[in-house]
Structure formats: structure tokens, C-alpha cells
Amino acid sequence: MGGDFLPETEEKGNLRRCAVTREEGEPSLMIRFVISPSGEVVPDLDARLPGRGIWLSPRRDVIEQARARGVFSRAARQQVKVPEDIVARVETGLLRRMSELVGLARRAGQATSGFMKVREWLVQRKAAIVVHALDGSREERERLVSGQRDIPVVEALSSEDLAKIFGRERVVNVALSAGGLAQRLRCENKRFTGVAEGGPRMPRTFPAHGCEQAGQ
């Protein structure tokens, strides 16, 4: 099944092909894997590690199929070791990247926290995306975005995660202003929703065009 894998020379275009589903997609919305020197499959969420890339659609079932059906070995054209917790590694890595993006936005003055401040940004059309803590209440989220139904809402990080970023005891609501960091957060969350156990964490949809890899 050598056709499951696009050689490195074919990774120069705008799209990548999933080694399992054969579907093509933007690199920023897919998951790249490489083989380490020891022969282990490693998630390359930055898409920067050297070596041939094995691309998969950002879906939990796709990654599990690749592990169970020997897709990684066929794509790499060698026997490889696939960690049993490879899905969890991808999920954890994506969460870490999302947390880092919110932190970058805070330090760049492109993020604010707190119900009243986020609500103010929403009313002023300054917010491009809202982060609502995973353990926050649905009622509070609905009050927050009332009248702003088109705003994307990310629900992946906990109030503890957000509190650490902003140096507070508890943070439930965060808003990011328009810009590259907000755009990259959208992309990371889109990847995360497909991989995370328990289903999508972002109930509102938005265009995924123009996504950039976080860290680039």
C-alpha cells in the first residue's frame, strides 16, 4: 500500500494526503508524524522535524487505525514502533500549543480575561475568538456571547490552565483580538476537536482558511 504515503518530494505543494483516508487537506489542519532515529513514531505538531512526513487527518479514529493497521510501517517503508498512547500524546501536545498561543497573546497585549472585559471586547467587536474554560458553566457562556452568535468559542482549556496563563486564582473567560495568534488558535482547536476524546470542544464553526502552524 505504498500509495498511502506521499514522498517528501510531494510535500512541497499546498495540500497533504492522509495516509489512511486518502483525503487531502491543508498542512496546518492535519497531523504530521516522523520516525525517530530509534524507529519510533513521533508526532510532529510543528511540522518541522527532519525526515519523511506521514500525514494523517486530525481525527482520533484515523490515528488509531494507522496504529492498528500498520500504516506507519508501510508509509515509512520499515518496521517502526508506535507508542500505545500516541493519540494521547497528540492530544496533550495540541493542548499545550493552545495554551502557549493564549500566553503569547496575553504577553503581546492581544488577550484579555474576565467576564466584563471579554464582554466589552465583544460589544466593541474587538474580540476575534473567545476561550471559555472547559469547566465553566454553559449558562455563563451563553450570557457572555449573547448577541454575538458568530464569534467562535473554544472550550478546551480548564479554568486552572487559563489562571496559570494570566497569573490569577481562576479564569473562565478569555478573548483574543484579531491577528495571527487568534487565527492560529482557531487552527489548533480545529485539530484538537477531532483528536480529543469526548467529541468536539468548539460548538460554533468558522472558516478554517488561512491557518498557520503555531510556532511559525
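These are notes on an aromatic pair and a four-stranded sheet in a predicted model.

1. Aromatic pair. A search of the whole structure turns up 1 aromatic pair. The ring centres of F33 and F72 are 5.2 Å apart, and their planes meet at 65°, so the pair is edge-to-face; the cut-off for that class is over 60 degrees. F33 sits in strand β3 (residues 31-35) and F72 in helix α2 (residues 71-76), so the pair ties together parts 39 residues apart in sequence. F33 and F72 are both buried.

2. Sheet order. Four strands form an open sheet in the order β6-β9-β7-β8, and the pairing is mixed. The edges are β6 (111-113) and β8 (153-154). Each has a single partner strand, so one side of each is left without a neighbour in the sheet.

3. Partners of β9. Strand β9 (residues 173-177) runs antiparallel to β6, joined by 3 bridges. The pairing of β7 with β9 is also antiparallel, over 5 bridges. What stands opposite A175 on these two strands? On β6 the residue is T112; on the β7 side V130 faces A175.

4. Burial of β9. This strand is mostly covered, with 5 of its 5 residues buried. N173, A175 and S177 point one way, while V174 and L176 point the other way. Residues on both sides are buried.

5. Helix over the sheet. Helix α6 (residues 159-166) lies across β6, β7 (127-132) and β9. The helix runs at about 120° to β6.

Key:
Residues are numbered from 1 along each chain as its sequence is written. This is a predicted model: local features need pLDDT of at least 70, side-chain atom pairs count only at pLDDT 80 or more; totals for chains, interfaces and linings use all residues. Side-chain values use heavy atoms; hydrogens and water are left out. Rings of Phe, Tyr and Trp (its six-membered ring) pair if their centres lie within 6.5 Å; planes under 30 degrees apart count as stacked, over 60 as edge-to-face and the rest as tilted. Buried means under 20% relative accessible area, exposed over 50%, partly exposed in between (1.4 Å probe, protein chains only). Two strands pair if DSSP finds at least two bridges between them. Contact means heavy atoms within 4.5 Å. Axes are lines fitted to C-alpha atoms, for helices over the stretch in contact, and angles run from 0 to 180 degrees between N-to-C directions.
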